[in-house]
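Me: I should like to learn how to read a structural model. May we go through one together, feature by feature?

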Amino acid sequence: MDTIEFITKLLAATLAMGTSLTYATLGEVFTEKSGVLNLGVEGTMLMGALSGFTITYFTGSLALGLLFAIVTGALMSLIHAFITITLRANQVVSGLAITMFGTGLANFLGKKIGPITNGYNLIGLNLPVKFENINIPLLNKIPILGAFFDVSLLTYALYIILPLAWYYMYKTKFGLSLRAVGEAPRTAAAMGINVNKNRYIYTLFGGAFAGLGGAALSLCFTPSWNDGMTGGMGWIAIALVIFSTWNPAKVAIGTLIFGGITSLQFAIQAAGIKMVIPAQFLAIAPYFITVITLIFMTINAQKTNGHFASPSALGTSFAIDEK
Amino acid sequence: MRFVIEKRNQKSKRMQILVPILSLVISALLGAVVLLSCNANPLQTYSAIIQGAFGSPMKIQYTIIKMLPLLMCGLSVGIAFRLKFWNIGAEGQYVMGVIGITWVMQFWTWLPNVLVLPLALLMSFIFGGLWGGIPGVLKAKWKVDETLVTLMMNYIAIGIAEYLYISAWKAPMGNMGTVKYPEFAWIGKLWGKVHYGVILALILVFILYFLLYKTRWGFELNMIGKNSEAARCQGVSIKRNIVIAMIISGGIAGLGGGINSAAVTHRLTMGVNSGYGFTGILIAWMSGLNPIGSIFIALFLAALQTGSDALQITMKLPSAVSEVLQGLILLPLLAGNIFIDHKLRRIDKQVKEVK
């Protein structure tokens, strides 16, 4: 296999895998930017993957599957929003509880809501339809970059969503409010912005996108249902939020690099190349790079007295009458 | 007419008792809804869980063994949380502890037999302590966010462990896992399956209780957690305390890994990251960071896990039901907690206008 073909294939695999990761990461960027840390991404993605798969399996409609995944994701994060925003509970503990609950519920329901013929189990079923790759003639023949034009609808959608998300956050009035409630909620409230309403909206938005990311796995990438099929992707998404310095424009860079690292493991194995670096070290690379990035960003921000990328009010609840 | 949540002048004693009880009732009801939707009788299921956890001496022993790593992680997290240092890295610190003990057990063969176990346990404490100390130093020196660092370090530790038991330290036979520890270095049995590690953990609970509630150090930790500014004015070194607390916190999680390995698993292999560290966070939080309270919460959650495992056989329910129920117990409790120091007040339109 020549090098260009290898790289093209690697990029294609990266895009397929990175799609789900990008949705989840982008959603969490918005949530965290509003000052809410949601560690429930992993459980939310899994619930999204489950509900998307189930609905599409029984109705044969991908659109309905996606819709249900989005709604399920939003509902999961609604629990988090209610507990941490309205009832001002600890965001870390609540997020972990959501992940635990979501993971458990998804694995539990996966063995209970399947068709009778499969013993009520969803594992091992094939979908009647799935998101197929659609190629754009001519463009897909470009060496290497052609991979960008032979992807599923879910990936094409990202080409539009990512720039829009950046524009929304940095160029619109709503984006300004969003950043204000995450940076300086008290000032935002004084300016007449409803802090908690904003936080609700973006927590739900983040959950919806995590659900969508889960569905991108179960309806497109894998496409099937299995226990814990997200395999820690939700945690990588949280790492990627830091790596992208809470900027939607940089989310794609992070997911391409980290999706690439994961795909590289498989590609190298498939190509029969002897591994120089143990597979486990490739697997921990995303986390390692994230920690290093975080340390450098923090130190750098202090040296230059500049502004650190993480939203100042991240992880804290807000009530007008309390400090 | 609408409601606002208002801060109480002081914590409500009545609510401190009522909230846990009410949330448990709500949890049981929510759990019943999930179970009913799957055609399982909730009462039967709950009694099967209790039977599965405490139904026979053997089951009680199993529950107690299961409690040990949970308790150790709960104690570990509890120390860090006192400082409002959000250490969610007990999982990784636990895994590092297992790596530490395995290193001594496998490679320090020149040691006299009697010294192997004590040194191995010490090494698990050191490994966990270092793994916890790193985010502590990062926070103290450069204010690097500890939640994110400890979270990421979990997965780095798990990756290192996988590398060790799949390739570097793999036993010559089999696909994965290190060789078993030498038998003379195992922790002995106390009652059936229950090992002496449990005694060790209970002693640790009382040492910690003493340190946290009866010494100046414990007082300093509390002061930093409550009001770091005031603590600084009193001359308490916040940086030094963060590093020390994190080394001890990580060390205890690591020691938990060490004890569990020396007594139960006897080697480093798949399943070393079974989520004890994450459950530990819930235990620390639910016990109000109290070491003695952690015993009961850890026992309760361990019983829930062993009891739910039994459901697979007795009720033909998937074992994931234990995670569902754990989540369902925690969420109402988290939600209800606000009413301990807050109250709901009804405001009528008129009053609002006057205000």
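Me: Why does the radius of gyration of chain A agree with that of a compact globule?

Reply: One compares the value with what a compact globule of that many residues would have. This is a predicted model, and its chain A has 323 residues, so a radius of gyration near 20 Å would be expected; chain A has 20 Å, which agrees. Along the principal axes, its C-alpha atoms fill a box of roughly 60 × 50 × 40 Å.

Me: What share of the residues in chain A is buried?

Reply: Burial is judged by how many other C-beta atoms lie within 10 Å of a residue's own, with 20 or more counting as buried. In chain A, 52% of the 323 residues are buried.

Me: Which secondary structure elements does chain A have?

Reply: Chain A has 11 helices and 2 strands. In sequence order the pattern is α-α-α-α-β-β-α-α-α-α-α-α-α.

Me: Which helix of chain A has the highest mean pLDDT, and which element the lowest?

Reply: pLDDT expresses the predictor's confidence in each residue. Among the elements of chain A, helix α3 (residues 62-86) has the highest mean, 96, and helix α10 (residues 248-271) the lowest, 82. The average over chain A is 88, and 94% of its residues score at least 70.

Me: How many residues does each chain bring to the contact between chain A and chain B?

Reply: Chain A contributes 42 residues and chain B 40. On the side of chain B that touches chain A, α6(B) gives the largest share, with 13 residues. By class, that side of chain B has 29 nonpolar, 6 polar and 5 charged residues.

Methods. Residues numbered from 1 in each chain as written. Chains lettered and ligands numbered in written order. Predicted model: local features only at pLDDT ≥ 70, side-chain atom pairs only at ≥ 80, totals over all residues. Contact = placed C-beta atoms within 7 Å. Helix = DSSP H or I, 4+ residues; strand = E, 2+ residues; numbered from the N terminus. Nonpolar A, V, L, I, M, F, W, Y, C, P; charged D, E, K, R; others polar. pLDDT = per-residue confidence, 0-100. Rg over C-alpha atoms; globule rule 2.2 N^0.38 Å. Buried ≥ 20, exposed ≤ 12 C-beta atoms within 10 Å, placed from the backbone.
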